[in-house]
Each structure stands twice: as C-alpha cells, then as structure tokens.
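The exercises below are meant to be worked through with the sequence and the coordinates side by side. Each task is followed by a solution that proceeds step by step.

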Amino acid sequence: TQLSVKQGSSVELTFSVRTENVYYNGLDFRSKNFRTDTVPPGTSTTVTFTAESDFTITSFWPATSRSKAEVTILVG
C-alpha cells in the first residue's frame, strides 16, 4: 500500500487495531520517523510528522517483533 503526500506538509495518521483476527497483544507501528507504543486490539493511536522524504511504516507483533504489514509514504 502507498500514500502520497506533499513535501513539507504536516501529516496526521491514525492507526486503528481491529478486535478480530489480530494478535491478542495488539500491534506497534515503526518507521524512521516514529515508533508507537503497543496499540491494543479495539484501540487506536495517532502520529503526526512533517513529510520530508519517502519512508515505510511497518506494523509488528510487539512480543516477537514479527513484521505484519507495510505502507510506503511517498513524498513529492
């Protein structure tokens, strides 16, 4: 998955973790720009950053650091 944003813009992303078919301990989200705390099932967290360059956000199972999904942020 990819999202495109304008360079220099302030971006706010909300990560919501569903309650079904998800790791019982939730997920955490990591990139070169931020790292969230663990987000339990049924809850969400919001991150804000300034778009400077392309990067990838990866979700992980927190207990094992196993990667689950990725989204690429394209800055242009």
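**Exercise 1: The chain as a whole**

Buried residues account for 34% of the 76 residues in the protein chain, and the coordinates in which this share was computed are those of a predicted model.

Task: Determine which secondary-structure elements the protein chain holds and in what order they run, and examine how its radius of gyration relates to that of a compact globule.

Solution. Begin with the count of elements, which gives zero helices and six strands in the protein chain. Read from the N terminus on, the order is therefore written β-β-β-β-β-β. Turn next to the overall dimensions: the C-alpha trace spans about 35 × 20 × 20 Å along its principal axes. For 76 residues a compact globule would have a radius of gyration near 11 Å, and the protein chain, with 13 Å, agrees with this. Finally, consider the contacts between residues at least 6 apart in sequence, of which 57% join residues at least 24 apart.

**Exercise 2: Core and pocket**

Task: Identify the residues that touch the most other members of the largest nonpolar core, and then establish which elements contribute two or more residues to the lining of the largest pocket.

Solution. The largest nonpolar core has 16 residues, and those touching the most other members are Leu13, Phe15, Phe29, Phe34 and Ile57. Two or more residues of this core come from each of strand 2, strand 4 (44–50), strand 5 and strand 6. To see one of these residues in its surroundings, take Leu13, which, when residues up to four places away in sequence are not counted, touches Leu3, Thr45, Thr46, Val47, Phe49, Ile57 and Ile73.

The largest pocket comes next, with about 160 Å³ of space in it. Its lining consists of Thr1, Leu3, Leu13, Phe15, Phe29, Ile57, Thr58, Ser59, Ala69, Glu70 and Val71. The elements that give two or more residues to that lining are strand 2, strand 5 and strand 6 (66–75). Sorted by character, the lining residues comprise seven nonpolar, three polar and one charged.

**Exercise 3: A serine in strand 5**

Task: Decide whether Ser59 is buried or exposed, and list its contacts beyond its neighbours within four places in sequence.

Solution. Ser59 is placed in strand 5 (residues 55–61). Its relative accessibility is 6%, and because buried means under 20%, Ser59 counts as buried. Once the neighbours within four places in sequence are left aside, Ser59 is in contact with Leu27, Asp28 and Phe29, and also with Arg66, Ser67, Lys68 and Ala69. Ser59 is also one of the residues that line the largest pocket.

**Exercise 4: Positive phi outside glycine**

Task: For Asn21 and Ser65, state the phi value, and then work out where each residue lies and how accessible it is.

Solution. Asn21 is not a glycine, yet its phi is positive, at about 55 degrees. This residue lies in the loop between strand 2 and strand 3 (28–30), and its relative accessible area of 73% makes Asn21 exposed. Ser65, likewise a residue other than glycine, has a positive phi near 60 degrees. Ser65 belongs to the loop between strand 5 and strand 6, where its relative accessible area of 40% places it among partly exposed residues.

**Exercise 5: Separation in sequence and in space**

Task: Find how far apart in space, C-alpha to C-alpha, are Ser44 and Ser16, Asn33 and Trp61, and Gln7 and Gly76.

Solution. Ser44, in strand 4, is 28 residues from Ser16 in sequence and 4.1 Å from it in space. With its neighbours within four places left aside, Ser44 is in contact with Thr14, Phe15, Ser16 and Val39, and at 45% relative accessibility it counts as partly exposed.

Asn33 and Trp61 are also 28 residues apart along the chain, but their C-alpha atoms are separated by 19 Å. Asn33 sits in the loop between strand 3 and strand 4 and is partly exposed, with a relative accessible area of 39%. Residues up to four places away not being counted, Asn33 touches Phe49 and Phe55.

Gln7, in the loop between strand 1 (2–5) and strand 2 (10–16), is 69 residues from Gly76 in sequence and 5.2 Å from it in space. Beyond its neighbours within four places, the contacts of Gln7 are Ala51, Glu52, Val75 and Gly76.

Terms used: Residues numbered from 1 in each chain as written. Predicted model: local features only at pLDDT ≥ 70, side-chain atom pairs only at ≥ 80, totals over all residues. Heavy atoms only, no water. Helix = DSSP H or I, 4+ residues; strand = E, 2+ residues; numbered from the N terminus. Contact = heavy atoms within 4.5 Å. Buried < 20%, exposed > 50% of the residue type's maximum accessible area, 1.4 Å probe, protein only. 1 Å grid on protein atoms, 1.4 Å probe; cavity = no way out; pocket = protein on both sides within 12 Å on 5 of 7 lines; lining within 4 Å. Points joined across faces, edges and corners; volume = space filled by probe spheres on them. Nonpolar A, V, L, I, M, F, W, Y, C, P; charged D, E, K, R; others polar. Core = buried A, V, L, I, M, F, W, Y, C linked by side-chain atoms within 4.5 Å. Rg over C-alpha atoms; globule rule 2.2 N^0.38 Å.
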